[in-house]
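Got the viewer open? Load the model, switch to cartoon, and we'll walk through it stop by stop.

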Amino acid sequence: KYQLFLWNAATGALMDQLTGPLVSLYSVSWHPTRSFIAVATSDGLVDVWGPRMDWTAFAPDFQALPMNCEYVEQEDEFDVTDDEVK
């Protein structure tokens, strides 16, 4: 995994630590006026990092997961039946 450490140049304080997937970094570039960083990686993708979202502003009961998890949809979970359409 790659890690980016963001430091405040004026104070020397560590502002954030970003952890990416298990790939090598080729290039890092930042937006000149906005809080975005683009990272070119060995898998041919560009990871774009931006400000963290406070999702509780949209859903007060939102709870962040410590890591991503895979959701397996049941075969008929989102099927619409004729009875539901009417």
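The tour goes from the whole chain to one hairpin.

Before clicking, note that this is a predicted model, where local features need pLDDT of at least 70 and side-chain atom pairs count only at pLDDT 80 or more, while totals for chains, interfaces and linings use all residues. Residues are numbered from 1 along each chain as its sequence is written, and side-chain values use heavy atoms, with hydrogens and water left out.

**Whole chain.** Color by secondary structure: you should find five strands and one helix, counted as DSSP runs (helices H or I, at least four residues; strands E, at least two) and numbered from the N terminus. Reading from the N terminus, the order is β-β-β-β-β-α. The radius of gyration, 20 Å, is well over the 12 Å that the globule rule gives for 86 residues, so the protein is more spread out than a compact globule. That radius is taken over C-alpha atoms, and the rule is 2.2 Å times the number of residues to the power 0.38. Along the principal axes, the C-alpha atoms fill a box of roughly 65 × 35 × 25 Å.

**Surface view.** Just 10% of the 86 residues count as buried, meaning under 20% relative accessible area (1.4 Å probe, protein chains only).

**The hairpin.** Now select residues 3–7 (β1) and 14–19 (β2): the two strands run antiparallel, joined by five bridges; strands pair if DSSP finds at least two bridges between them. Show Trp 7 and you'll see Leu 14 of β2 opposite. Six residues lie between β1 and β2, and in that turn Gly 12 has a positive phi of about 80°.

Terms used
Buried < 20%, exposed > 50% of the residue type's maximum accessible area, 1.4 Å probe, protein only.
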